[in-house]
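Grab the viewer and a coffee: here are a few short exercises, each with a worked solution. Try each task yourself before reading on.

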Amino acid sequence: MSWYVYSRILIDRGKCGRNLKRTITSHNNASKGNWSILAVPRFHSDINSYFDIKTFFILTVWFVLQCILYILPVGGELVDGLQIKDSRIRLKYRLNAFFVLTINIIGFFIALLSGIQVTSVSDKLLQMTTSGVLLIFVFSILLYLRANISAKTGNCFNDWFNGVELNPRWGLFDLKYVCFRSGIIGWILMNFVNIAKAFDNGNRPSVTLLIVEGFQLMYVADYFWFEDGILVSRDIVHEYLGYNLLVQFLMIPFCFAVQTRYLMMTKYALPWYCLLAVIILNLIGYWIYRGSNSEKNNFRKNPNDPQFADYEVIPTSTGKNLLVSGWWGICRHPNYLGDLIISLTYALPTGFTCFLPYLNPLFLFVMLIGRERTDGDECSKRYGEAWQTYCHRVKYRIIPYVY
Ligand code: NDP
């Protein structure tokens with residue numbers, strides 16, 4: 001997906017970059033011309049159009065700042081993560097993502113008010129993305145070299161691509177966790193840049209743009225507020241850190257901010273009644289997403305909580321129980337359903353003339369379907385017959401009566 005978006009930025013840059021003023025004054029031109037799915041990337045002979053050292057430096061400094069903020073003993077407590085696979089160790093994590101997000105947003109506004117050209121990030125999106133791609137390459141090679149002695153499969157491409165170490169660390173500093181958080185924070189900052197850019201040339205951002213930014217900010221703030229939930233997520237617990245995962249984490253700012261960029265450039269505005277319907281849909285998605293995640297997390301933390309007194313559960317041989325009541329009795333992954341609805345509401349406000357803003361709901365859909373299957377296989381191995389009973393009781397995987 002990130003490579004596709006990269007090629008789209010080339011198109012965007014080729015047609016809009018220097019002519020942005022002209023582009024944003026012509027809604028029809030921008031939405032039909034520059035964002036057409038059939039547009040072919042325009043390649044420049046000038047290397048500076050793809051990469052400049054200053055942009056690379058800015059991105060690197062920003063990333064180093066995220067690393068420093070993570071290890072500083074402020075903004076959140078130090079907690080134990082899950083037990084590491086095949087080991088008795090529990091790694092420690094500092095839960096200060098919400099604090100770091102806040103610092104980044106405050107920093108953004110300080111920079112904006114001090115007259116720093118934050119909107120140049122939008123003009124230099126292609127160079128920024130190239131810098132991100134380069135950083136990912138550098139990190140992935142360093143990670144491979146660091147772990148090569150105990151390479152996983154012996155196939156160097158496989159080990160470089162899929163990673164060798166689960167949690168590459170230097171003391172408290174956990175590279176996987178920092179990359180994950182930084183990608184998400186970068187996404188929100190990129191949205192703020194897009195809003196600041198919408199103010200350029202005496203314009204104002206549309207309500208549609210502000211609402212989409214609000215949706216995404218709310219999702220991320222929620223994600224970080226309940227940060228302990230991230231520590232038990234599949235990415236942190238099961239996935240090795242290699243090129244593949246680094247791309248998934250560090251390309252987030254360049255792929256996920258596509259809707260706000262589209263709305264900023266095309267100035268597309270949804271009629272208020274459609275916007276209202278999208279807001280309601282977003283809140284429904286959020287209700288399902290937060291309700292089901294909290295229900296499961298609370299149940300795992302304290303199954304004897306009076307909240308679960310009337311819940312029906314299936315006992316398993318591991319001592320853990322499976323919920324069959326509440327959200328987890330409706331389908332096997334109600335949290336994925338909520339996430340998908342939320343993600344769709346990021347794209348719906350962009351209308352139906354352009355495919356690109358729909359790319360990340362589509363990506364999420366494909367990813368969560370695969371993830372649900374993998375998780376189901378693992379639960380089947382872990383819980384055996386109890387899992388089969390659960391699947392028999394709860395027939396639908398993600399979408400009740402459909403899938
Ligand atoms: P989940 O939070 O869905 O956890 C799956 C685990 O829950 C299972 O392995 C099992 O673990 C437990 N479980 C399953 N069924 C039951 C049940 N009936 N009762 C009790 N426990 C059960 O995993 P993820 O890490 O994939 O997702 C976390 C969140 O992150 C989700 O909301 C997801 O949507 C979101 N996400 C968002 C992405 C994005 O890009 N926006 C990408 C990926 C995830 P055990 O029994 O061992 O506790």
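**Exercise 1: the ligand's polar contacts**

An oxygen atom of the ligand sits 2.5 Å from an N or O atom in the side chain of Asp 339. Keep in mind that this is a predicted model. Your task: find how much of the ligand's area the protein buries, then look for polar partners at Lys 320 and Leu 323.

Solution. Start with the area: on its own the ligand exposes 940 Å², and the protein buries 88% of that. Next, go to Lys 320, where an N or O atom of the side chain is 3.0 Å from a ligand oxygen. Leu 323 uses its backbone instead: a polar atom there lies 2.9 Å from a ligand nitrogen.

**Exercise 2: the shell**

Which helix supplies the largest share of the shell around the ligand?

Solution. First list the elements giving at least two residues each: helices H15, H16, H17 and H18, plus strand S6. Then pick out H17, whose 7 residues make up the largest share. Finally, zoom in: among the 24 residues around the ligand, those coming nearest are Arg 300, Tyr 336, Asp 339, Arg 382 and Tyr 383.

**Exercise 3: the cores**

Where does the largest nonpolar core lie relative to domain 2 and domain 3?

Solution. This core has 84 residues, with Phe 63 and Trp 187 among those with the most contacts inside it. Helix H9 gives the largest share, 16 residues. Domains 2 (48–269) and 3 (270–403) both contribute residues, so the core lies between them. Now check Phe 63: its contacts include Phe 139, Leu 175 and Leu 250. A separate second core of 23 residues includes Tyr 336 and Trp 387.

Note on methods
Residues are numbered from 1 along each chain as its sequence is written. This is a predicted model: local features need pLDDT of at least 70, side-chain atom pairs count only at pLDDT 80 or more; totals for chains, interfaces and linings use all residues. Side-chain values use heavy atoms; hydrogens and water are left out. A nonpolar core is a set of buried Ala, Val, Leu, Ile, Met, Phe, Trp, Tyr and Cys residues joined through side-chain atoms within 4.5 Å. Buried means under 20% relative accessible area, exposed over 50%, partly exposed in between (1.4 Å probe, protein chains only). Helices (H or I, at least four residues) and strands (E, at least two) are DSSP runs, numbered from the N terminus. Domain bounds come from an automatic or database domain assignment. Contact means heavy atoms within 4.5 Å. A residue is near a molecule or strand if one of its heavy atoms lies within 4 Å of it. A polar contact is a pair of N or O atoms within 3.5 Å; within protein, one must be able to donate a hydrogen and the other to accept it, and residues adjacent in sequence count only if both atoms are side-chain atoms. Accessible areas come from the Shrake-Rupley method with a 1.4 Å probe; for residues, only the protein chains shown count as cover. Lists of a residue's contacts leave out its neighbours within four places in sequence.
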